[in-house]
Amino acid sequence: SLTQSRHSRHLGACAAALACFGDITGDIGDTSGDLALAAEQLRVARRELGRITGHVGAEDVLDVIFRDFCVGK
């Protein structure tokens, strides 16, 4: 059971990204899907899991910097 609603939200976003990944890649061995789009969905899924586990990557730090600070002024 998930103890916090944000965990549930992040896990739902992870599951949605993995579902999109499955839609893009199709059956095992199907190379007709766009690999860049598939890789992006895996990146999104990993980021959402990282938000639950506390793993913070460079991309997360840059997001905070550009969102919260006035850079370049």
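**Entry 1: a word I need before anything else**

I call a residue buried when its relative accessible area is under 20%, exposed when it is over 50%, and partly exposed in between. With that in hand I looked up arginine 47, which has a relative accessible area of 17% and is therefore buried. I also reminded myself that I am reading a predicted model.

**Entry 2: how confident is the prediction?**

I looked up the mean pLDDT of the protein and found 81. I also noted that 81% of the residues reach 70 or more. Which element has the lowest mean pLDDT, and which the highest? Helix α3, residues 58-68, has the lowest at 75, and helix α1, residues 5-25, has the highest at 92. I will keep that in mind when I come to helix α3.

**Entry 3: the overall plan**

I counted three helices and zero strands. Reading from the N terminus, I get the order α-α-α. The protein has 73 residues, and 21% of them count as buried.

Next I looked at contacts between residues at least 6 apart in sequence, and 47% of these join residues at least 24 apart. The accessible surface comes to about 5,400 Å², and carbon and sulfur atoms account for 62% of that surface.

**Entry 4: alanine 16 and valine 44**

I picked a pair to see how sequence and space compare. Alanine 16 and valine 44 are 28 residues apart in sequence, and their C-alpha atoms are 9.5 Å apart in space. Alanine 16 belongs to helix α1. Its relative accessibility is 41%, so I wrote alanine 16 down as partly exposed.

**Entry 5: salt bridges**

How many salt bridges does the count come to? I got three.

I started with glutamate 40 and arginine 43, whose closest N and O atoms are 2.6 Å apart. Both residues lie in helix α2, residues 35-53. They are three residues apart, which I noted as about one turn of the helix. Buried or partly exposed, I wondered about glutamate 40? It is partly exposed, at 31% relative accessibility. Arginine 43 is partly exposed too, with a relative accessible area of 25%.

Then I turned to glutamate 48. Its side chain meets that of arginine 47 in a salt bridge, at 3.7 Å from N to O. Glutamate 48 also forms a salt bridge with arginine 51, where the closest N and O atoms are 3.7 Å apart. Arginine 51 and glutamate 48 are three residues apart in helix α2, so about one helical turn separates them.

I drew Arg47, Glu48 and Arg51 together on my page, linked in a network of salt bridges. How covered are the members? Glutamate 48 is buried, at 8% relative accessibility. Arginine 47 is buried as well, at 17%. Arginine 51 is partly exposed, since its relative accessible area is 33%.

**Entry 6: histidine 10**

I went over to helix α1 to find histidine 10. Which residues does histidine 10 touch, leaving out those up to four places away in sequence? I found Glu48, Arg51 and Ile52. Two of these names were already on my page, as Glu48 and Arg51 belong to the salt-bridge network. Histidine 10 has 12% relative accessibility, so it counts as buried.

**Entry 7: cysteines**

I searched the whole structure for disulfides and found zero. I still checked how covered two cysteines are. Cysteine 14 is buried, with 5% relative accessibility, whereas cysteine 20 is partly exposed, with a relative accessible area of 35%.

**Entry 8: a nonpolar patch**

Last, I looked at the surface for nonpolar side chains. One patch of about 650 Å² is made by Val56, Val61, Leu62, Val64, Ile65, Phe66 and Phe69. I chose isoleucine 65 for a closer check, and it sits in helix α3. Patch members need over 30% relative accessible area, and isoleucine 65 has 31%, which makes it partly exposed. As promised, I note again beside this helix that α3 has the lowest mean pLDDT among the elements, at 75.

Conventions: Residues are numbered from 1 along each chain as its sequence is written. This is a predicted model: local features need pLDDT of at least 70, side-chain atom pairs count only at pLDDT 80 or more; totals for chains, interfaces and linings use all residues. Side-chain values use heavy atoms; hydrogens and water are left out. pLDDT is the predictor's confidence in each residue, from 0 to 100. Helices (H or I, at least four residues) and strands (E, at least two) are DSSP runs, numbered from the N terminus. Buried means under 20% relative accessible area, exposed over 50%, partly exposed in between (1.4 Å probe, protein chains only). Contact means heavy atoms within 4.5 Å. Accessible areas come from the Shrake-Rupley method with a 1.4 Å probe; for residues, only the protein chains shown count as cover. A salt bridge is a side-chain nitrogen of Lys or Arg within 4 Å of a carboxyl oxygen of Asp or Glu. Patches are made of residues with over 30% relative accessible area and no salt bridge: like charges are joined within 9 Å, nonpolar side chains (Val, Leu, Ile, Met, Phe, Trp, Tyr) within 5 Å. A disulfide is a pair of cysteine sulfur atoms within 2.5 Å.
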